[in-house]
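Biologist: Could you zoom in on one unusual spot in this chain for me, then carry on from there through the rest of the fold? Keep it relaxed, but tell me where the backbone does something odd.

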Amino acid sequence: MADLKIVSILGATGSIGRSTVDLLKAHRERYAVNVLTAQGNVELLAEQARELRARKAVIGDEALFAVLKDRLAGTGIACAAGRKAIIEAAADPADWTMAAIVGMAGLEPILAAIGQGGCVAIANKEPLVAAGKLVIAEARKRGTTLLPVDSEHNAVFQVFEPENRGGIERIVLTASGGPFRTWTLAQMTQATPEQAVAHPNWSMGAKISVDSASMMNKALEVIEASYLFDMPPEKIDVLVHPQSIIHSMVEYADGSFLAQLGAPDMRTPIANALGWPGRIATSGLRLDLAALKRLDFETLDSARFPAVGLAYDCLRAGPGACLALNAANEVAVQAFLDRKIGFLQIVDTVRAVLDFTKFEQLADLPGIISFDQAVRQAAKSYILSEAASEKVNR
Ligand code: NAD
Ligand code: MG
C-alpha cells in the first residue's frame with residue numbers, strides 16, 4: 001500500500017481522460033485514485049469512480065449533483081458539484097494529476113493542481129497557450145514537474161537533452177495535416193463539422209479534432225512548445241508527416257536528429273507521463289515498421305493552412321496575442337460546430353480578432369481572465385456582425 005501513487009484526473013470522461021482510466025485499470029497495483037472530475041457526462045463519471053474506487057467524484061454541472069449522488073449511493077465515494085468544487089478537487093494533494101479538461105476552462109484547475117505540489121501531466125494545451133508564462137512560473141515557484149502529454153511535446157520531452165540545451169538547433173513538430181490535408185480551399189469552404197471531426201489517424205474530442213482540421217492545433221502546439229521548452233519561435237519548425245509515426249524531433253548542432261516514434265495512440269504519451277521517470281506497459285497499438293515500409297514528409301502549405309503562421313506572429317507579439325489567438329479560436333470553433341460559420345471562417349475570425357485587438361499586458365490571473373473574456377466577447381460580436389453583413393449582401 002505504502003508505495004501506491006495517488007492520482008487524480010481532471011476531465012476523466014473525455015478522450016484523454018478515458019485513455020488514462022484504461023491505463024489505471026491495467027495497473028491497479030500501482031495507483032490509488034483520488035479525484036475524478038467531468039463537466040456533464042455524469043453516468044460515465046460515476047461508472048469510472050466505482051471501477052477505480054476513487055475517493056471523490058466531481059461533476060461541473062451543478063444540476064447533475066443529485067444524479068451523481070444517486071449513482072454513487074452506498075459506495076462511500078464522496079461527491080461534489082460545480083466549478084468551484086472542480087478547482088478545490090484539483091488542489092487536493094495527489095502525486096500525479098492528469099489535466100485533461102478542454103479549453104481555457106482548465107486554467108484554474110491546472111494552477112490549483114500545480115499549487116498542491118504533485119506532478120501535473122498536461123494534455124489541456126489551451127491554458128498553456130493563453131497563460132504559459134504564469135503556468136510555468138507557478139510550476140517553478142512550487143517545484144512542480146510538468147509532464148507534457150500532447151504527443152508532439154511528449155516526444156520532444158523524451159529526446160530533449162536539458163544538459164545540452166545550447167546544442168539544440170531546433171524542435172521539429174510533426175503534423176498529420178488532418179482530414180483536409182489534400183483538400184483545395186474551394187472544398188474546405190464547404191466542409192461540415194462531421195467531416196472536420198473525422199481525423200484520419202487519431203480519435204479525439206470535437207474541439208481538438210476541428211483544430212487539427214484547420215491546423216490551428218499545430219499553431220497552438222508551436223506556442224505550447226515555446227513555453228514548455230523555453231524555445232524562441234525561430235527554433236521551432238513544423239513538418240507535415242501524414243502517417244503520425246514520428247511524433248516530433250529535436251535537431252542538435254552535431255547534425256543528430258533525435259525522434260520519438262510510436263503508433264498513433266495517446267495511451268503511449270499518457271503512459272510515458274504516468275510512468276515517469278520509469279516506463280510502464282500499455283496494451284495500445286504497436287508499431288510495425290516493416291509493414292509500414294515508408295514514412296512521408298511534406299512542407300506545410302501556408303496558403304491553405306494560414307493558422308500556423310499566426311502562431312509565429314503571436315509569439316513575436318507577446319503573451320497577450322497568444323491568449324487572443326486561443327480565445328478567438330475557442331469561440332470560432334464553437335460557432336463552426338453550431339453551424340453558425342463556415343470552416344474557413346474559423347481562421348478568418350481569429351485573424352480579424354487579432355488584427356483589431358489591442359493586446360494587454362497579462363500581469364496576473366485576474367488580468368488574464370478578464371482579457372480572455374473581453375476577446376471572447378469581441379470574437380462573438382465579430383461573428384454576429386459578419387453574419388449580419390452577409391445577409392445585407394445577399
Ligand atoms: P474531450 O472533449 O473529449 O474531453 C474534455 C473533458 O473535459 C471531459 O471530461 C469534459 O467533461 C471536461 N470538460 C469540458 N468542459 C469543461 C469545463 N468547462 N469545466 C470542466 N471540465 C470540462 O477532449 P479531449 O480530446 O480529451 O481533449 C482534452 C484536452 O487535451 C484538450 O485541451 C486537447 O487539446 C488536449 N489533447 C487531446 C488529445 C486527444 O487525443 N484527444 C491529444 C493531445 C492533446
Ligand atoms: Mg498534438
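Modeller: Let's start at proline 277, which sits in the loop between α12 and α13 (289-292). Bear in mind that this is a predicted model. The peptide bond leading from tryptophan 276 into proline 277 is cis, with omega near 5°. Most peptide bonds are trans.

Now look at the helix on one side of that loop. Helix α12 covers residues 267-275, and 7 of its 9 residues are buried, so the rest of the structure largely encloses it. The buried ones are Pro269, Ile270, Ala271, Asn272, Ala273, Leu274 and Gly275. Asparagine 272, which belongs to α12, has a relative accessible area of 9%, and because the cut-off for buried is under 20%, asparagine 272 counts as buried. What does asparagine 272 touch, leaving aside its neighbours within four places in sequence? Its contacts are Asn154, Phe157, Gln158 and Arg279.

While we're on backbone oddities, two more spots deserve a click. Most residues other than glycine have a negative phi. Serine 244 isn't a glycine, yet its phi is positive, about 50°. You'll find serine 244 in the loop between β9 (236-240) and β10 (246-252), and it is buried, at 5% relative accessible area. Arginine 53 also has a positive phi, near 50°, without being a glycine. Arginine 53 is in the loop between α2 and β3. Is arginine 53 buried or exposed? With 69% relative accessibility, arginine 53 counts as exposed.

That loop is a handy way into the sheet. There are 7 strands in an open sheet, ordered β4-β3-β2-β1-β5-β6-β7, with parallel pairing. The edges are β4 (78-81) and β7 (146-148), each of which has a pairing on one side only. From one strand to the next, the twist averages 20°. As a reminder, strands of a sheet pair through backbone hydrogen bonds, either parallel or antiparallel.

Take the strands around β1 and β2. β1 and β2 are joined in the parallel sense by 5 bridges, with isoleucine 6 standing opposite alanine 32 in β2. Helix α1 (residues 15-26) links up with β1 and β2 in a right-handed β-α-β unit. From β2 the chain crosses through α2 to β3, and this β-α-β crossover is right-handed. As for β2 itself, 7 of its 8 residues are buried, so the rest of the structure largely encloses this strand.

Moving along, β2 (residues 31-38) pairs with β3 (residues 56-59) in the parallel sense over 4 bridges, and threonine 37 has valine 58 of β3 as its bridge partner. Helix α2 (residues 42-52) lies across β2 and β3 and runs at about 170° to β2. Helix α4 (residues 83-91) packs on the sheet as well, touching β1, β2, β3 and β4, and its direction makes about 160° with that of β2.

On to β5. Strand β1 (residues 5-10) pairs with β5 in the parallel sense over 4 bridges, and leucine 10 has alanine 99 of β5 as its bridge partner. β5 also pairs with β6 (residues 119-122), in the parallel sense and over 4 bridges. Here alanine 99 turns up again, opposite isoleucine 122 in β6. With helix α5 (residues 107-116), β5 and β6 make a right-handed β-α-β unit.

Which way do the side chains of β5 (residues 96-99) point? Trp96 and Met98 go one way, Thr97 and Ala99 go the other way, and all are buried. In a regular strand the side chains alternate between the two faces of the sheet.

Last stop, a helix pair. Helix α6 (residues 126-142) packs against helix α11 (residues 216-229) at an angle of about 5°, with 9 Å between their axes. Angles under 35 degrees count as roughly parallel, so that is what α6 is to α11. On the α6 side, Leu128, Val129, Gly132, Lys133 and Ile136 make the contact, meeting Leu220, Ile223, Glu224, Tyr227 and Leu228 of α11. The residues of this contact split into 7 nonpolar, 1 polar and 2 charged.

Key:
Residues are numbered from 1 along each chain as its sequence is written. Chains are lettered from A and ligands numbered from 1 in the order in which they are written. This is a predicted model: local features need pLDDT of at least 70, side-chain atom pairs count only at pLDDT 80 or more; totals for chains, interfaces and linings use all residues. Side-chain values use heavy atoms; hydrogens and water are left out. Axes are lines fitted to C-alpha atoms, for helices over the stretch in contact, and angles run from 0 to 180 degrees between N-to-C directions. Helices (H or I, at least four residues) and strands (E, at least two) are DSSP runs, numbered from the N terminus. Angles under 35 degrees count as roughly parallel, over 145 as roughly antiparallel, 65 to 115 as roughly perpendicular and the rest as oblique. Contact means heavy atoms within 4.5 Å. Ala, Val, Leu, Ile, Met, Phe, Trp, Tyr, Cys and Pro count as nonpolar, Asp, Glu, Lys and Arg as charged, and the others, Gly among them, as polar. Buried means under 20% relative accessible area, exposed over 50%, partly exposed in between (1.4 Å probe, protein chains only). Two strands pair if DSSP finds at least two bridges between them. A crossover is right-handed if, with the strands pointing away from the viewer, the path from the first strand over the helix to the second runs clockwise.
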